[in-house]
Amino acid sequence: MTHRAPVNRIIRFSSVDGPGNRTVVFLQGCNYNCRYCHNPETRALCCHCGDCVAHCPAGALKKDADGHVLYAYEACVFCDACIRVCPHDASPRIRSLTAKETFEEIEKQIPYIRGVTVSGGECTLYPSYLAELFRLCKELSLETLLDTNGTLDLFSRPALFDVTDGVMLDVKAWDARVHRALTDHGNGDVLRHMIALAECGKLHEVRTVVMPEMVDAERTVRQTARALAPYLHLYPVRYKIIAFRPAGVRKEYASFATPDPPYLAYLSDLAKSEGMREVILI
Amino acid sequence: MREISMERVNATREKMLDVVKSPTLTHAQKVANMANLADSLLEVLDLPEGLSGLLDKEITDGQCICDLSEGHAPLRPRYIVPDYARFMKEGSAFLELPPPSDLYEAINSLLILYKHVPSVTNFPVYVGQLDTLLEPFINDVDEETAHRLIRLFFTHMDRTILDSFSHANIGPSPTKAGRIILDVVGELEDAVPNLTMKVDPLLTTDEFLAAGIKAALHTAKPSFANHPMFDREFPGGDLCGKDQGAYVIASCYNGLPYGGGSFTLCRLILGNIAKRAKDADDYCTRVLPEVLDVMARYMDARIRFIVEESGFFENNFLAKEGLIHKDRFSAMFGLVGLAEAVNDLMAKEGKAEKRFGHDEEATALGVRIMDVIDAFNKEHRNPYCTISGGHFLLHAQVGIASDIDVSPGTRIPIGEEPEELIDHLRVLMRFHKYFPSGTGDIFPIDVTVHRNPDYVADIIRGAMKEGIRYLSFYSADSDVIRITGYLVKRSEIDKLEDGKNVKHDTTALGMGAKHNGKILERKVR
């Protein structure tokens, strides 16, 4: 049994992707189309159009005889030139790694890390790979966290569920229509999964990006906090409220307004008034 | 005593007059400088042959050995580490102090004793394992009063110990006094005293470590010492207190035996020594061993004078009352500029692109050089360093303000740090084991880490497992910053640059290090 996934990037030490110091694996590809996505180059898989090859200053990209874009990780200087020119919200800078190969890159950070977080893109597009990767991590007592949009029913995937310590989940909007306008998808599954995870103490964090022109943040924060309040004794779920920022987003969305600090503080107080104990503004 | 020329006397007199008239030195700094200049006229040590050619030069002119302004006729050991626990139990006949009976008296007694602890800086380089010293009295008063008293205690130290080469210790176990001390240093944001938390994987709780990290991110202290590692190296049991070992962290980050200290500290300038070698083999087998031999014999001469001629141990009350013991002193065999030595030797072998801290061959040459120094020290015997088996203790010296193009100890030069923190840690873990009398690395941390102090805790706990000895962190935006080992306030450097007086003499060193050592340009993690 060996499963692969397209790995966009591995951050060896991270202070912002869960408790303590963690290695973070970013997988490529996403089933959502969030308008405010701040790393849109992780959304699609490379279609081998080759537009990026000529723009690589390090010679790390080339086309082979079959027309595939090949990426040489060792030669890459991580200048992001290829990502900037990609017309498909993809990246040629992807390594296809097995769970074992990924684990070998995580293992190098032991004993400095307490765990691993897999993010994306949308990492749960690769559940078998995740199950194998997390099983390897658990053998060395590393904590395992998923950073997800909540679309996958983890309960239908016991091999993954059992080796997942916690989930950090986005509540992008409470209202289904708003959610659809923002992401092209409804949110019924997401909210159901959120509650089910909270019920078994595996929900570690929820996050809402505040983009005033598209998201009714007030309603989303209030309803989310209210829905989670009954379960906080099982795990003290943290609420991260994130201000939309134009850096990195696609240019058609870059002109959307950023929320002002008093509004963010109001949202934080709102979450707390509904019973959330730990609220972080970013 | 040997004769000296009138020319040298007159040059010294000129310098003394400059000190008298200096607009920026405080009175205390003038007095200390005058004493050092007077001492520089004495010639009493039996200097080894060949020393002058290695010592009496500017660092930019090829100086190979530096004695760090210890003076020509040492009238006391360089670093003194009194047995404060004994003082608290027995008081002092000389100072006419009975043992303290409550928190007020404990703090008052310590503040009195500090004024009588000599050192190379004339200030106490070690002020005690303060959590253990105060804990027996901490419940005499309510917590608010205890907090206030400790706050006044620390303010008093900062305003009267006018040099940040002064160090308090806490940990590894959590105590009420330890927690109050961390709260107080976080509130005060003062440079003095420096503070080390001894960290033990079992004894140090997550909460206590987190409190230490929060204080460090706020005000650049405490630093974190690998307690099991020091504990193994310094025999003597629990002299500092239960589970606290027989060692202390003093001055910058110097591991020293409790109830003793260090007679002397000299340092090798490894980069300048490399300039005298043809290649790496020539360096390791001929050039370096000759310099090691001269420096060891120079240190032997200094130690012999202190022990046999200065009369310090016969006459000073600290020794007479058993607060220090001659046989608990060792000496620090220091070095700086390993990176520059390696890079110079690699260039001589036509491999200039292979840099220390980045290329395995270069870093391995660093290890080879350290092995040469370590093996030399294990062979060399000094009759007065019995506490350390008759040998000196190696020390990765942090540099001085006038050092130019000289990296502290075995550090990777500022501006050349590996991109990833883990790669940086994996280099330094290969060097920390050599230095029982101190080494350390310093990391400015991005302010977003304030939200996640456990990130730093994981790095500290991992580092201890990997044999890293000593780590310091500070927030990239804090006023109190760690220069090379000691602490300085950025706002005080600004004052000094504007030509105003500042109370701590280390601020001037910090200003020098800012310009010569690029210490504000460290890679933020």
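## Two chains in contact

The contact takes 19 residues from chain B and 16 from chain A. This is a predicted model. Together the two chains bury about 1500 Å² between them. Carbon and sulfur atoms hold 53% of that buried area. On the side of chain B, three residues stand out: B:Ile422, B:Arg451 and B:Asp458. They supply 35% of the area that chain B buries against chain A, more than any other three residues.

### The chains listed together

| Property | Chain A | Chain B |
|---|---|---|
| Secondary structure | eight helices and eleven strands | 20 helices and 15 strands |
| C-alpha span along principal axes | about 60 × 45 × 30 Å | about 65 × 55 × 50 Å |
| Buried residues | 55% of 282 residues | 62% of 525 residues |
| Accessible surface | about 12100 Å² | about 19800 Å² |

### Chain B

How does the radius of gyration of chain B fit a compact globule? A compact globule of 525 residues would have a radius near 24 Å. Chain B has 22 Å, so the value agrees with that rule. Contacts in chain B reach along the sequence. Take those with a separation of 6 or more: 77% join residues 24 or more positions apart. On the exposed surface of chain B, carbon and sulfur atoms supply 52% of the area. Charges are present too. Chain B has 59 positive and 78 negative charges, and the mean positions of the two sets are 1 Å apart.

### Chain A

Chain A gets the same check. With 282 residues, a compact globule would have a radius of gyration near 19 Å. Chain A has 19 Å, which agrees. Of its contacts with a separation of 6 or more, 68% are between residues 24 or more positions apart. Carbon and sulfur atoms account for 53% of the accessible surface of chain A. Its side chains include 33 positive and 34 negative ones, and the centres of these two sets lie 1 Å apart.

### One residue up close

Now look at A:Asn187. Where does A:Asn187 sit in chain A? It is in the loop between α5 (176-183) and α6 (188-199). Is A:Asn187 buried or exposed? A:Asn187 counts as buried because its relative accessibility is 4%, and the cut-off for buried is under 20%. Which residues does A:Asn187 touch, leaving aside its neighbours within four places in sequence? The contacts are A:Ala173, A:Trp174, A:Asp175, A:Ala176 and A:His179. One of these, A:Ala176, carries the number at which α5 begins.

Definitions and conventions:
Residues numbered from 1 in each chain as written. Chains lettered and ligands numbered in written order. Predicted model: local features only at pLDDT ≥ 70, side-chain atom pairs only at ≥ 80, totals over all residues. Heavy atoms only, no water. Helix = DSSP H or I, 4+ residues; strand = E, 2+ residues; numbered from the N terminus. Buried < 20%, exposed > 50% of the residue type's maximum accessible area, 1.4 Å probe, protein only. Contact = heavy atoms within 4.5 Å. Rg over C-alpha atoms; globule rule 2.2 N^0.38 Å. Areas by Shrake-Rupley, 256 points an atom, 1.4 Å probe, with all protein chains shown as cover. Lys, Arg positive; Asp, Glu negative; His and termini not counted. Charge placed at Lys NZ, Arg CZ, Asp CG, Glu CD. Buried area = accessible area lost by both parts, 1.4 Å probe.
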